[in-house]
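Me: I have a structure on the bench screen and want to know what the labels rest on. Take me through the terms one at a time.

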Amino acid sequence: MHQIYVTSNPKGAERLPPGIVVSETDLYLRRLWGEPSEDLTIQPKYLVTFTVGIAQKANIDAAVKKFSENFTIMLFHYDGRTTEWDEFEWSKRAIHVSVSKQTKWWYAKRFLHPDVVARYDYIFIWDEDLGVQHFNAEEYIKLVRKHGLEISQPGLEPDRGLTWQMTKRRGDREVHKVTEERPGWCSDPHLPPCAAFVEIMATVFSRDAWRCVWHMIQNDLIHGWGLDFALRKCVEPAHEKIGVVDAQWIVHQGVPSLGNQGKSENGRAPWEGVRGRCRKEWGIFQARLADAEKKYYLDQGITPPNSTSV
């Protein structure tokens with residue numbers, strides 16, 4: 001008897017005939033009855049996720065209504081409260097994942113594997129405290145396609161919630177990809193935070209970019225600080241394919257709801273402990289990335305970039 005062993009199959013599935021292998025899936029909801037081929041009246045092309053607590057219920061309701069039926073809606077609940085969302089008709093079609101006191105990057109690493117979201121052209125990974133009065137998701141997608149953006153975010157209303165000049169909305173254009181920061185902040189005009197840079201509060205990834213970014217997300221570092229400076233490694237040329245969409249813009253309301261899910265220690269407020277870990281993780285991530293790149297170059301017999309060795 002001949003045994004099947006196909007080396008080109010996904011790892012672990014070598015003993016299956018290639019014709020039965022389904023290596024990618026989706027998040028489409030299906031019926032328990034009827035013909036499988038008739039389950040779906042529409043196949044959403046995009047995915048939007050929000051990491052939420054019940055205190056931001058009204059804000060999320062407003063945000064979800066900016067996304068058409070072309071989007072699968074997915075809520076990650078960090079406070080364990082899901083039934084209260086049933087009052088919204090859209091919630092009945094949404095996917096709800098409830099795990100207490102976790103961040104959106106923790107959820108993303110565990111529930112948004114590239115093979116699971118492979119059907120979606122774009123993946124929106126958003127915070128819960130975004131004002132969307134001036135945002136339309138379909139129009140946003142059109143601009144992303146037009147300008148060839150693989151990683152992007154909406155522009156931020158200029159006077160609120162700004163950390164970096166790059167994310168500041170410009171009223172005279174559809175998209176921008178470069179900016180000017182404070183003196184000494186950018187070693188190269190094509191590098192973050194002056195280009196090839198968006199923040200992680202309202203990031204939008206193409207399917208291909210997300211496949212790379214997912215692998216870069218660390219399993220134990222859950223806040224994502226520093227990730228925004230490294231996103232450029234997943235697209236080339238990064239200063240052309242990463243940008244901010246000005247014509248579809250949002251407001252960062254700066255609600256510290258997840259921060260308040262932390263634990264008070266040594267007289268410090270819960271959010272202080274959360275913020276402290278954010279900073280610590282940023283340093284850990286930077287060191288890991290630098291060490292990994294250095295090891296790669298050395299293993300290849302190449303002098304690492306920026307090396308002082310002769």
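**Contacts, core, cavity, domains**

Reply: Start with W105, in this predicted model. W105 touches I125, I200, F205, W210, I217, I222, H223, G224 and L227, leaving aside residues up to four places away in sequence.

Me: What makes these residues count as touching W105?

Reply: Contact means heavy atoms within 4.5 Å. I125 and the others in that list touch W105, so each has a heavy atom within 4.5 Å of one in W105.

Me: Why is the set around W105 called a nonpolar core?

Reply: The term asks for buried residues of the listed nonpolar types, joined through side-chain atoms within 4.5 Å. The largest such core has 42 residues, and W105, L112, I151 and W210 touch the most other members. Therefore W105, as a member, is under 20% relative accessible area. Elements giving two or more residues include β2 (71-77), α2 (104-111) and β9 (242-252). α4 gives the most, with 5 residues. Another core, of 35 residues, lies apart from it, with I60 and V175 among its members.

Me: Why is the space lined by W105 and E281 called a cavity?

Reply: A 1.4 Å probe fits there but cannot get out, so the space is a cavity. The count is 1 cavity of 30 Å³ or more, and the largest holds about 90 Å³. Its lining also includes I217, W225 and F285. By class, that lining has 6 nonpolar, 2 polar and 1 charged residues.

Me: How do you know where the domains are?

Reply: The bounds come from an automatic or database assignment. Domain 1 is 40-255 and domain 2 is 269-309. Their C-alpha centres lie 24 Å apart. The contact takes 13 residues from domain 1 and 12 residues from domain 2.

How values were computed
Residues numbered from 1 in each chain as written. Predicted model: local features only at pLDDT ≥ 70, side-chain atom pairs only at ≥ 80, totals over all residues. Heavy atoms only, no water. 1 Å grid on protein atoms, 1.4 Å probe; cavity = no way out; pocket = protein on both sides within 12 Å on 5 of 7 lines; lining within 4 Å. Points joined across faces, edges and corners; volume = space filled by probe spheres on them. Nonpolar A, V, L, I, M, F, W, Y, C, P; charged D, E, K, R; others polar. Buried < 20%, exposed > 50% of the residue type's maximum accessible area, 1.4 Å probe, protein only. Helix = DSSP H or I, 4+ residues; strand = E, 2+ residues; numbered from the N terminus.
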